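Got a minute to go through a model together? Have a look at it first, then we'll trade questions and answers.

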Amino acid sequence: MSTAGHEHPSDLGFSTRAVHAGDPPRVVGEPVVNPIYQTSTFFSDPAGEGEVFYSRYGNNPNHRRVEERVRDLEGAEACLVTGSGMGAMVSAILSCVRAGDHILAAEALYGGTRILLDRELSRLGIESSYADLLAPGWERHLRDNTTVVLCETLSNPLLRFTDPADLAPVCRERGAALIVDATFTPSYNLRTLSRGADLVVHSATKYYGGHSDVTAGLVCGSEERMAPVRQRAVTFGVAPDAHAAWILERGIKTLALRMERHNRNGLEVSRWCEGRAGIRRVHYPGLESHPDHARAAEVLTGFGGMMGIELEGGGDAATRFVSALRLVKPAPSLGGVDTLVSEPRHTSHVAMTPEARAAQGLADGFVRFSLGIEDPEDIIADIDQALKTIG
Ligand code: PLP
């Protein structure tokens with residue numbers, strides 16, 4: 001790093017860039033930490049020259065700092081920060097579709113995204129269909145009017161791994177944009193654009209923010225792809241407020257440290273759970289028993305902190321188990337420093353019948369963990385004592 005402190009060549013390590021990418025030049029007397037610009041508007045040129053600065057336009061310095069840092073970490077030409085993951089998703093999708101177009105989406109998709117496709121975009125004449133994009137021959141589901149292929153890197157809650165590199169060549173050939181929700185695999189674990197995604201979307205509410213204290217979203221891609229995304233975001237008014245962007249920037253500084261611990265906790269806790277009395281099956285891509293382990297091990301830096309377990313005793317056992325946990329907190333969401341637990345049948349998959357869930361491999365008794373950064377032995381001890389109470 002130069003002594004002027006304003007040059008951050010991309011050969012600096014990930015942790016260094018998570019702290020410094022996008023820092024302005026050092027000026028004596030200026031704050032070391034970017035302040036919160038709690039203002040909706042900024043002075044403009046009386047002659048109308050140059051950019052107009054207005055916080056809804058996403059050009060508040062707090063937005064800019066986050067965008068520059070994430071742009072660097074994701075290896076993108078451009079980045080947009082939004083007020084939520086859904087704000088990011090709707091801006092990304094609507095930059096690629098118009099009435100009459102078709103979206104081909106992975107069957108295992110976050111519920112909110114599915115509602116966006118099925119209830120909102122369908123009313124605008126944009127049809128969506130779903131397919132198993134991991135299955136050979138998935139491309140037969142593409143149509144002449146398919147302009148978007150949409151998937152998640154790790155699915156919720158079975159954690160099936162889709163490598164965008166398996167979809168990208170076909171998408172390119174057929175002229176469809178590949179939009180990848182990489183919320184479960186932030187840039188420390190996967191540089192999604194380098195695997196051929198056209199746009200990568202994150203709910204920054206999760207790992208990027210990392211402390212369950214801010215709601216935000218991110219979209220990254222090439223300048224060309226991002227220009228229409230930014231236009232949509234400005235029109236829909238999805239920019240976060242300055243304070244939310246500031247909290248997000250602070251969270252990103254520790255992304256590498258947190259992900260190292262999430263990755264370690266994921267491996268240690270899932271290994272402990274596997275084969276344990278009372279647990280029928282453990283879903284974690286870092287385990288050799290996971291169907292996508294080999295590919296995930298090849299492509300990911302780490303497997304993350306999301307883990308699913310299937311309890312022997314079904315739904316009743318799952319509810320008693322969750323109630324018996326003392327350290328681990330029952331709550332939706334994921335990617336924060338606190339370990340959280342939820343039952344998909346009460347949260348993400350509540351709209352489905354037990355039979356439909358079972359057909360997807362989600363029997364009642366399934367418990368989803370978002371493993372935090374606590375000491376793994378403490379998380380394990382809590383799971384152990386809760387298992388004993390239901391045993
Ligand atoms: N994508 C995934 C995979 C998610 O899990 C979520 C939220 O849980 C979202 C998108 C939406 O993010 P947000 O709640 O920040 O709008």
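A residue is called buried under 20% relative accessible area, exposed over 50%, and partly exposed in between. Keep in mind that this is a predicted model.

Q: Is alanine 363 buried, exposed or partly exposed?
A: Alanine 363 sits in the loop between α11 (354–359) and β12. Its relative accessible area is 29%. Since that value falls in the band between 20% and 50%, alanine 363 comes out as partly exposed.

Q: What distance separates the C-alpha atoms of alanine 363 and valine 234?
A: Along the chain, alanine 363 and valine 234 are 129 residues apart. In space, their C-alpha atoms are separated by 42 Å.

Q: How many charged residues are in the shell around the ligand?
A: The residues around the ligand are Ser84, Gly85, Met86, Tyr110, Asp181, Thr183, Ser203, Thr205, Lys206 and Ala216. Sorted by class, three of the shell residues are nonpolar and five are polar. The charged ones number two.

Q: Which residue has a polar side-chain atom 2.6 Å from a nitrogen atom of the ligand?
A: Glycine 85 isn't the one, as its contact uses a backbone N or O atom, 2.9 Å from a ligand oxygen. Lysine 206 does use an N or O atom of its side chain, but that one is 2.9 Å from an oxygen atom of the ligand. The 2.6 Å contact to a ligand nitrogen belongs to aspartate 181.

Q: How much of the area that the ligand exposes when taken alone does the protein bury?
A: Start with contacts such as the one from the side chain of lysine 206, at 2.9 Å from a ligand oxygen. On its own, the ligand exposes 390 Å². Of that area, the protein buries 87%.

Q: Why is there no bond between the sulfur of cysteine 96 and the closest cysteine sulfur, and how far apart are they?
A: A disulfide calls for two cysteine sulfur atoms within 2.5 Å. For cysteine 96, the closest cysteine sulfur is in cysteine 171, and that is too far for a bond because the gap is 11 Å.

Q: How many disulfides does a search of the whole structure find?
A: Cysteine 171 is in no disulfide, with its nearest cysteine sulfur, in cysteine 151, 8.1 Å away. Cysteine 171 is buried, at 1% relative accessibility, and cysteine 96 is buried too, at 17%. Searching the whole structure gives a disulfide count of zero.

Q: Are the rings of tyrosine 54 and tyrosine 57 stacked, tilted or edge-to-face?
A: A search of the whole structure turns up five aromatic pairs. In the pair formed by tyrosine 54 and tyrosine 57, the ring centres are 5.2 Å apart and the planes meet at 75°. Planes over 60 degrees apart earn one particular label, so this pair is edge-to-face.

Q: Which strand holds the phenylalanine that pairs with phenylalanine 321?
A: The rings of phenylalanine 321 and phenylalanine 369 have centres 6.2 Å apart and planes at 70°, so they pair edge-to-face. Both of these phenylalanines are buried. They link distant parts of the chain, 48 residues apart: phenylalanine 321 is in helix α10 (residues 314–324), while phenylalanine 369 is in strand β12.

Q: Which residue's backbone oxygen does the side chain of asparagine 189 reach?
A: Asparagine 189 is in the loop between β5 (177–181) and β6 (199–203). It's buried, with just 1% relative accessible area. At 3.2 Å, its side chain reaches the backbone oxygen of glycine 302.

Q: Which residue does a cis peptide bond join to asparagine 156?
A: Most peptide bonds are trans. Here omega is about 0°, and the partner lies in the loop between β4 (146–152) and α5 (164–174). That partner is proline 157.

Q: What is the phi of leucine 159?
A: Most residues other than glycine have a negative phi. Leucine 159, in the loop between β4 and α5, is buried at 1% relative accessibility. Its phi is positive, near 60°.

Q: What is the phi of serine 333?
A: Serine 333 lies in the loop between β10 (329–330) and β11 (340–342). It counts as partly exposed, at 26% relative accessibility. Although serine 333 is not a glycine, its phi is positive, at about 75°.

Technical notes:
Residues numbered from 1 in each chain as written. Predicted model: local features only at pLDDT ≥ 70, side-chain atom pairs only at ≥ 80, totals over all residues. Heavy atoms only, no water. Near = heavy atom within 4 Å. Polar contact = N/O pair within 3.5 Å; in protein donor to acceptor, adjacent residues only side chain to side chain. Areas by Shrake-Rupley, 256 points an atom, 1.4 Å probe, with all protein chains shown as cover. Nonpolar A, V, L, I, M, F, W, Y, C, P; charged D, E, K, R; others polar. Buried < 20%, exposed > 50% of the residue type's maximum accessible area, 1.4 Å probe, protein only. Phe/Tyr/Trp six-rings, centres within 6.5 Å; stacked < 30°, edge-to-face > 60°. Helix = DSSP H or I, 4+ residues; strand = E, 2+ residues; numbered from the N terminus.
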